[in-house]
Amino acid sequence: MSPRRSYDQYCSAARALDAVGDRWTLLIVRELLAGPRRYTDLHADLPGVSTDVLASRLKDMERDGLTTRRRLPPPGAAYVYELTARGRELLPVLQALGTWGGPELGDRRPTDAVRAHWSALPLLRSLEGEGLVEVRLEEGDFHLYVGAQHGPAYGDGPAPGEPDARLVLDAGTCGAVGRGELSLTDAVRDGRVEVTGDGAIAKALREG
């Protein structure tokens, strides 16, 4: 395991960057906010990271108390990585970074990779209340655990069970909401987001 590098500054921001300032670390957190993930799944959803760097970052994160590793019972018998309570506290940090970085997105570049669930955190910060929300994009489906204090913040694929709301929107609308150019409520009002469901979140979005 590599020795921990430090800025050696008595400053909370510097201490935070000691733990999460390395390249890829916060993006690994982004993926693990979906719940336990196998190494191969993490590598598939972090295009551009080498296997050596990913393994090194995961070891560092485990050492720093951000993640744990456990073995699934048979028949899975694979190891999964998951965030600790300390690691999950980085959710608002990532959401704040996403808000700050939204204006930098612009149009998608030909070299840009994309995964449907990368839109989860921008949409999550646009929703209030508590409940399960399923989102359908051209790139795929994901679901959000709105207001969840513990456990995953989102998940890949359709919602497990009947969601409180289903949202159907295109990539352009999703991007505009993520960049802060369009509120989710206005997008629903303008007919750019189709909302179905009987839960409180669905009703609040339809009523605007």
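**Salt bridges, strands and pockets**

Good morning. I begin with one contact: the side chains of Asp45 and Arg115 meet in a salt bridge, at 3.0 Å from N to O. Asp45 belongs to the loop between helix H3 (39-44) and helix H4 (51-63), and Arg115 to the loop between H6 and H7, so this pair ties together parts that are 70 residues apart in sequence. Please keep in mind throughout that this is a predicted model.

How accessible are the two partners? Asp45 is buried, with a relative accessible area of 11%, and Arg115 counts as partly exposed, at 25%. The contact also belongs to a network of salt bridges, which links Arg30, Glu31, Arg37, Asp45 and Arg115.

How many salt bridges does a search of the whole structure find? The search finds 16. Besides the pair already described, I should like to mention two others.

One of them is formed by the side chains of Arg5 and Asp22, with 2.7 Å from N to O. Here, too, distant parts of the chain are linked: Arg5 is in the segment before H1 and Asp22 in the loop between H1 and H2, 17 residues apart. Arg5 is exposed, with a relative accessible area of 61%, whereas Asp22 is partly exposed, at 26%.

In the other, Arg86 is bridged to Glu89, and the closest N and O atoms are 3.4 Å apart. Arg86 counts as exposed, at 57% relative accessibility, while Glu89 is partly exposed, at 49%. Arg86 will return when I come to the pockets.

Let me now turn to the strands. Strand E4 (residues 131-137) and strand E5 (residues 140-146) run antiparallel and are joined by 7 bridges. The connection between E4 and E5 is a hairpin through 2 residues. As an example of the pairing, Arg136 has Asp141 in E5 as its bridge partner. On to the next pair: E5 also pairs with strand E6 (residues 154-156), in the antiparallel sense and over 3 bridges. Within that pairing, Leu144 has Tyr154 in E6 as its bridge partner. As a general point, side chains in a regular strand alternate between the two faces of the sheet.

I come next to the pockets. The largest pocket holds about 1,600 Å³ of space. Which residues lie nearest its centre? Among the 40 residues of the lining, they are Arg30, Leu105, Asp112, Ala113 and Trp118. Arg30 is thus a member of the salt-bridge network and also one of the residues nearest the centre of this pocket. Four helices each supply at least two residues of the lining: H2 (25-32), H6 (91-101), H7 (120-124) and H8 (171-178). By class, the lining has 17 nonpolar, 11 polar and 12 charged residues.

The second largest pocket has a volume of about 280 Å³. It is lined by 13 residues, and those closest to its centre are Ala16, Ala19, Val20, Arg86 and Leu90. Two or more lining residues come from each of helix H1 (12-20) and H6, and H1 gives the largest share, with 4 residues. This lining divides into 8 nonpolar, no polar and 5 charged residues.

Finally, a word on cysteines. The count of disulfides comes to 0. Cys11 is partly exposed, with a relative accessible area of 35%, and Cys174 is buried, at 5%.

Thank you for your attention.

Terms used:
Residues numbered from 1 in each chain as written. Predicted model: local features only at pLDDT ≥ 70, side-chain atom pairs only at ≥ 80, totals over all residues. Heavy atoms only, no water. 1 Å grid on protein atoms, 1.4 Å probe; cavity = no way out; pocket = protein on both sides within 12 Å on 5 of 7 lines; lining within 4 Å. Points joined across faces, edges and corners; volume = space filled by probe spheres on them. Nonpolar A, V, L, I, M, F, W, Y, C, P; charged D, E, K, R; others polar. Disulfide = S-S within 2.5 Å. Buried < 20%, exposed > 50% of the residue type's maximum accessible area, 1.4 Å probe, protein only. Pairing = 2+ DSSP bridges. Salt bridge = Lys/Arg side-chain N within 4 Å of Asp/Glu carboxyl O.
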